[in-house]
Amino acid sequence: MTLAGRMRALGVLGMNRRNGVYTSRWNQRKHYPSVDDKLETKRLLRDAGIATAPVLAVARLHSEVRKMLRDLDSYASFVIKPAHGAMGNGILVVLERDGDWFMRPGGRWIDRRALSYHSESIISGAYALGGQPDVAFAEERLSPHPAMREISTEGVPDIRVVVYRGVPVMSMTRLPTHRSRGRANLHQGAVGAGIELDSGVTNFAVCAGRSVAVHPDTQQPVVARAIPDWDRVLEIAVRASDQTKLGYVGADVVIDGEHGALVLELNARPGLAIQIANRAGLVPRLTAVDSLVRAEMHWPERIALGREIARRARAGALA
Amino acid sequence: MNRGAALTGSLLVAIGLSIFAWKTLVLNLPVLPSNVENLWRVELEIDARGSGQRGSVRAALPDSDSQQEIFDERQSSDRLVFTIRTEKGGQRTGVWSGKFDGVHNLSHGFRVQLSEEPLPLPTDVRKAPPKEIVEEYGHTSGRFPSDAPEIRELLANVAPPNPTDPLGQMRVLLGYVTDEILTASTGSDDALLTLAAGEGSQVGKARLLVALLRAAGYPARVSAGLRLRADKEARETVWAEAWVGGDWIGLSPSLGFFGARPPDLLALRTGSSTLVEETGLDALSSRYRVLRESLRADEVASFMVPSNPLLAAISLYRLPVGSQSALRILLVFPIGALIIALIRNLIGVRTFGTFMPLLISLALRELPLGLGMGLIGSVIALGIVSRFLLERLQLLLVPRLGVLLCLVVLAITAQSLLGRTYEVKDLFASVLFPVVIMTMLIERFSITTAEEGMPSAVRRLAASTAAAVCVYPIFRIQALEHLMFGFPELVLTVMGLLVWIGGYTGYRASELWRFRGLVTPREEEVS
């Protein structure tokens, strides 16, 4: 069989099909702003009673940057983000501070001027999708749950759940590495570990395109690890996607040591690498959701459906 | 692919191809232009301004002769009356007359087929000129003072009359005026002043030569016309003509021809050096626009014998010269979009921006590929270096981009100052536009470098450049340009293909590589 034929048999979802069949049909353009603007997402989720990372300060104009930094004076660590950033671009993490000096991951120190320059670049739109004027905001720096801490370095691991028509279909955890400079992006060198939806246990992991069993920095096993508070992770991921009116969403959840599971952000164009981390194709699961989901299903039923589909997919009973 | 896209695509492809087939098979239009050499479209554009008074504009109109064939003449008269006046010697003049009120845009266009055949010099040189030619072109006058003592003296010194070899004598006179009198655009138009100063304008030199020829006993006159050059402004030129052996032959002290006119010279007027004149106007400006053409033989036929108005009406070749050259570029754009769609959606190459590669290749259209790549390379290298230096200054985004733009402009200016000449028709068209594109490219590159690291940024840049190189040829392939220009209905076919690609939901070639780990046997687990 040809390579493409084998991929089709496995149900691997390609970019053209994701765009042409799923996102174009289920994610209407007019609903994008609710997820492309992170502050808007937070407002939406807060209204629905879903936990998000607390916002410490906001700067909408260049003139507000000074005030934002003043508001941050009482915090030793925080994260500055663009409201319209994509793929983790423009995110500046401060781990520690010493007066007007701030330490970034990797032990690099920057001064207050550099921090204010970065915030102003954000507001000018340097990291926004279309280069339009943006908003900079500071978020509390989350601390990884103890169970996740030993399999991540320099950053906070998150859990990506792809939710299709309200049903969770696939999930992975993204573990930052030294090589990814603390970021949770697979293409920058983070570890991606597929999670079995029904059990909440990781079953496979890749890093930089290769299968791995341990975290490259800590040497701790990344496979066969139970994600803490898994039921809660699925619940907030599904309920968050319900708030967006989007049918094909990637929900990023962080399990914070203090606040527990909270939604970091939502994505209307979730990437396809999750299939590599799970060593499974999305298409059979999406097709199963199309035939089994009912409009009147509430979120607990949909989660149960997603877990059942994932179990059957692994058993080879789908497609 | 969904049914709608498949159907719409097929429909568009079918419509485009069937019109194409109808034109080629039923109407017998050749797919590519037949090899027509030295065919030109010339258009005289006149802006005439008046304030309500009566007046006229007169322009020399060309005639067909043994060296040029004029056809498909058209003119616009913009509220005035256009008439053609034919003088005694056969010279035609187009006259726009009436009340000039405000600005009138007048034009006269035609096609000309210039002969490449060398014309032999007359052999029967002793044949006496007819009486009316001698009367008209043999006498002395203010413009051609053949009786002036300086002229007589010069003639006696340089080329004493030689009844057995008039051509030789003419050649010597031509050689004298060509070599001993300098050509200066600021020089005099007067024959005697030109002789006295040792330099003169093209007109001055031509008049001096005519005076010398008349003094030597040959009927002579000045003629004026245009040098036609592809993609360059047509230049007016003036030369002398002498009657010998039963016909007029040309002698040009500025272009240096003797006998037949060179194959790029269009004769517009005989007996005078003025091409466009006016009376009673406030202001007048005129210019000639020239386009080299490769008409299909059947189209030439349809213009010369307008028996097939349908064929003529659907030809873009009938448009004014200016919009033709713009349309030629415009009509290959869809092909570029098609290639970009192929590269991005079927192959899956990540480039900077959607149509950035198309813009890059358009920007480099006028340059040879090597030079274009060199330009990109050097400009980008400079941009990257200065971008990282600018990073230290911590400037805001828009001013920073502005500074970058200034640096790119300076770099290109420096390049031309350092003697790097671009063999292009218009430095502005080929440089101004690229400057903006290059600046955007540099900015994207450096942001990607900061965000995703240098390797990723270099990969994207290489992919963008490679895509631009793939698109680049379509702007250079003449045949493609002719194909799209001659058969614009093919745009529909391209649209259909784009709809097909848009409806394709299969894998991209790059995804076969990306997801290869999913389909290969699980050897890693074994080890």
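This is a short talk on two chains, A and B, of a predicted model.

I'll start with the overall makeup. Chain A has 11 helices and 14 strands. Of its 319 residues, 47% count as buried. Chain B has 527 residues, and 34% of those are buried. The secondary structure of chain B comes to 20 helices and 13 strands.

Another way to look at a chain is to ask how far apart in sequence its contacting residues are. In chain A, take the contacts with a separation of 6 or more; residues 24 or more positions apart account for 62% of them. In chain B, among contacts between residues at least 6 apart, 74% join residues at least 24 apart.

Now a sheet in chain A. Strands 4, 5 and 6 form an open sheet of 3 strands, in the order 4-5-6, and the pairing is antiparallel. Which strands stand at the edges? They are strand 4, residues 96-98, and strand 6, residues 108-111; each has a single partner strand, so one side of each is left without a neighbour in the sheet. Neighbouring strands here are turned by 30 degrees against each other on average, direction ignored.

As a general reminder, strands of a sheet pair through backbone hydrogen bonds, and they can be parallel or antiparallel.

Let's walk along this sheet. Strand 4 of chain A is joined by 3 bridges to strand 5 of chain A, residues 101-104. In that pair, Arg97(A) stands opposite Phe102(A). Strand 4 and strand 5 of chain A form a hairpin with 2 residues between them, and Gly99(A) in the turn has a positive phi of about 65 degrees.

The next step is from strand 5 to strand 6 of chain A, which are antiparallel and joined by 4 bridges. Here Arg104(A) stands opposite Arg108(A). These two strands also form a hairpin, with 3 residues between them. Which residue in this turn has a positive phi? That is Gly106(A), at about 90 degrees.

Next, a helix in chain A. Helix 11 covers residues 299-314, which is 16 residues. From its first C-alpha to its last, helix 11 reaches 23 Å, close to the 22 Å expected at 1.5 Å a residue. Its buried residues are Arg302(A), Ile303(A), Leu305(A), Gly306(A), Ile309(A), Ala310(A) and Ala313(A). Why do we say that they line one face of the helix? Seen down the axis of helix 11 of chain A, the buried residues fall within an arc of 160 degrees, so they line one face. What covers them includes strand 9, helix 8 and helix 10 of chain A. After helix 11 of chain A comes Gly316(A), whose phi is positive, near 80 degrees.

Now the place where the chains meet. The contact takes 26 residues from chain A and 22 residues from chain B. On the chain A side, helix 1, helix 2, helix 6 and helix 9 each supply at least two residues. By class, that side has 10 nonpolar, 11 polar and 5 charged residues.

Moving to chain B, there is an open sheet of 5 strands in the order 10-9-8-7-11, with antiparallel pairing. Strand 10, residues 258-259, and strand 11, residues 265-270, are the edge strands of this chain B sheet, and each pairs on one side only. Strand 7 of chain B, residues 220-227, is joined to strand 11 of chain B by 5 bridges. Across that pair, Arg227(B) stands opposite Leu265(B).

Two helices go with this sheet. Helix 4 of chain B packs on the sheet and touches strand 8, strand 9 and strand 10; its direction makes about 150 degrees with that of strand 8 of chain B. Helix 6 of chain B lies across strand 7, strand 8 and strand 9, and runs at about 5 degrees to strand 8 of chain B.

My last item is a single residue, Ser146(B). It is found in the loop between helix 2 and helix 3 of chain B. Is Ser146(B) buried or exposed? Ser146(B) has 21 C-beta neighbours inside 10 Å, so it counts as buried; the cut-off is 20 or more. Leaving aside neighbours within four places in sequence, its contacts are Thr140(B), Ile151(B), Ala211(B), Arg214(B) and Ala215(B). Leu212(B) is 66 residues from Ser146(B) along the chain, and their C-alpha atoms are separated by 6.1 Å.

That is the end of my part.

Key: Residues numbered from 1 in each chain as written. Chains lettered and ligands numbered in written order. Predicted model: local features only at pLDDT ≥ 70, side-chain atom pairs only at ≥ 80, totals over all residues. Pairing = 2+ DSSP bridges. Axes fitted to C-alpha atoms, helices over the stretch in contact; angles between N-to-C directions. Buried ≥ 20, exposed ≤ 12 C-beta atoms within 10 Å, placed from the backbone. Contact = placed C-beta atoms within 7 Å. Nonpolar A, V, L, I, M, F, W, Y, C, P; charged D, E, K, R; others polar. Expected span 1.5 Å × (residues − 1). Arc of directions from axis to C-beta.
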